[in-house]
Amino acid sequence: MTDTLDVTPLIDPEIASALAALGVRFDTLSDQTLPRIRERRAQTPLPAVSDLVQRRDHAVPARPPVSVRVHRPVAAQGPRPCIYWMHGGGLVLGTNFADDARFDAWCPALDCMAASVEYSLAPEAKYPAPLEDCYAGLAWLHANAEALGIDARRIGIGGASAGAGLAAGLALLARDRGELPVAFQALIYPMIDDRQVTVSSRWNDPVWPPQANRYGWDSYLGELRGDAVPCYAAAARATDLRGLPPTFISVGALDGFADEDIDYATRLRHAGVPVELHVYAGAPHGFDSLTPGTAIARRANREIMAWLSGALTGP
């Protein structure tokens, strides 16, 4: 494989057909196009949700205030374990509302609660502000666990894409500050390496190509470059992964993040961290959320739910 591999011919045909119908691609991302792309995404209707889950937004007294949306199954009894989630969007796009459908399915099926944080976006907010937003939300969740009906011993974190990268950085930050326990981390194709030095990082992913990834990282890091970039900003830079919580990582084999994610899973294992890695052949970035009806996406969703079921009820 070359540095400029076009992965399009290798994509699973069912995923390729679904992506073609969507016409989703972010290779035009720039300071000039970002407002228009945000506006267009804001106008896209969100998936319908049921009345099986209650959703309530809470203002977390941070600086500036952070919003956390708490999801609780209507049928839940007593304190429940909780998944604290960070949405995707390349660090420059997205909203926690977009995960309503995810938790509409997960919370009743897993008999758990969920909380999704509305962290500030780059380039308006640069590192460490978005990560500190996530930390503030997690701290608030722990402090108010009893009132919210959450079992504070079983609060895990997770996210997708940039949100998974923030979750990975949050796990490192929580470990090193020693203030907030994290029961597990579930990382869906995490965006964790700003350096773009792996082979897959230069592949022409049809959803999130290298130029979009560069824009997202530059927007988030600002003037930080090279050794000045801390591991909390880009978790792949961490040299000590000991003491992190049990971890789930999934990624498409054709995703630009594939190499960095597979390497991170390997290094977690070498550090003594229980880790489960899933790599999906024929899948590019975002395949599970953009093409949820495909066979590979359905399998990916079943497998993360199976892992979460054990993680939420574990020690």
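# Buried residues, cavities and charged pairs

User: Hello! Is Y189 buried or exposed?
Analyst: Welcome! Keep in mind that this is a predicted model. Y189 sits in the loop between β6 and α7. Residues under 20% relative accessible area count as buried. Y189 has a relative accessibility of 3%, so the answer is buried.

User: What is phi of Y189 near?
Analyst: Here is some background: most residues other than glycine have a negative phi, and most peptide bonds are trans. Y189 is a residue other than glycine, yet its phi is positive. The value for Y189 is near 30°.

User: Which residue in the loop between β3 and α3 has a positive phi, although not a glycine?
Analyst: Look along the loop between β3 (80-86) and α3 for a residue with phi near 75°. That residue is buried, because its relative accessible area is 4%. The residue is L91.

User: How many residues line the second largest cavity from α6, which gives the largest share?
Analyst: The second largest cavity has a volume of about 40 Å³, and L91 is one of the residues that line it, together with A162, G165, L166, M191, W217, Y220 and A233. Two helices, α6 (162-177) and α7 (210-221), each supply at least two residues of that lining. The share from α6 is three residues.

User: How many charged residues are in the lining of the second largest cavity?
Analyst: Sort the lining by residue type: seven are nonpolar and one is polar. The count of charged residues is therefore none, by the rule that Asp, Glu, Lys and Arg count as charged.

User: What is the volume of the largest cavity?
Analyst: The structure holds two cavities of 30 Å³ or more. The lining of the largest includes W203, W208, F257, D255 and E260, and its residues divide into five nonpolar, five polar and two charged. The volume of this largest cavity is about 50 Å³.

User: Which helix gives the largest share of the largest nonpolar core?
Analyst: This core has 105 residues, and Y84, M86, Y220 and L308 touch the most other members. The largest share of the core is 10 residues, and it comes from α6.

User: Which residue with a positive phi is in contact with Y220?
Analyst: Set aside neighbours of Y220 within four places in sequence, and its contacts include A122, K126, Y127, P130, L131, L166 and A233. One further contact of Y220 has a phi near 75°. That contact is L91.

User: What is omega, about, for the cis peptide bond that joins A122 and P123?
Analyst: P123 is found in the loop between β4 (113-118) and α4 (129-143). P128 has its place in the loop between β4 and α4 too, and the peptide bond from Y127 to P128 is cis, with omega near 10°. For the bond joining A122 and P123, omega is about 0°.

User: How far apart are the closest N and O atoms in the salt bridge of D151 with R154?
Analyst: Side chains of opposite charge can pair when their charged atoms come close. A search of the whole structure finds 17 salt bridges. D151 and R154 are both buried, and their closest N and O atoms are 2.8 Å apart.

User: Which residue in the salt bridge between R195 and D193 is partly exposed?
Analyst: These two side chains meet at 2.8 Å, N to O. D193 counts as buried, because its relative accessibility is 6%. The partner with a relative accessible area of 35% is partly exposed, and that is R195.

User: Which residue meets R102 in a salt bridge?
Analyst: R102 is one of the buried residues of helix α3 (residues 100-110), with a relative accessible area of 18%. Its partner is buried as well, because the relative accessible area there is 7%. The N to O distance is 3.3 Å, and the partner is D99.

User: How far apart in space are V182 and I155, C-alpha to C-alpha?
Analyst: V182 is found in the loop between α6 and β6, and its 18% relative accessibility means that V182 counts as buried. V182 touches I155, as well as L138, I157, A174 and P245. The two residues are 27 residues apart in sequence, and in space their C-alpha atoms are 6.0 Å apart.

Conventions: Residues numbered from 1 in each chain as written. Predicted model: local features only at pLDDT ≥ 70, side-chain atom pairs only at ≥ 80, totals over all residues. Heavy atoms only, no water. 1 Å grid on protein atoms, 1.4 Å probe; cavity = no way out; pocket = protein on both sides within 12 Å on 5 of 7 lines; lining within 4 Å. Points joined across faces, edges and corners; volume = space filled by probe spheres on them. Helix = DSSP H or I, 4+ residues; strand = E, 2+ residues; numbered from the N terminus. Salt bridge = Lys/Arg side-chain N within 4 Å of Asp/Glu carboxyl O. Buried < 20%, exposed > 50% of the residue type's maximum accessible area, 1.4 Å probe, protein only. Core = buried A, V, L, I, M, F, W, Y, C linked by side-chain atoms within 4.5 Å. Contact = heavy atoms within 4.5 Å.
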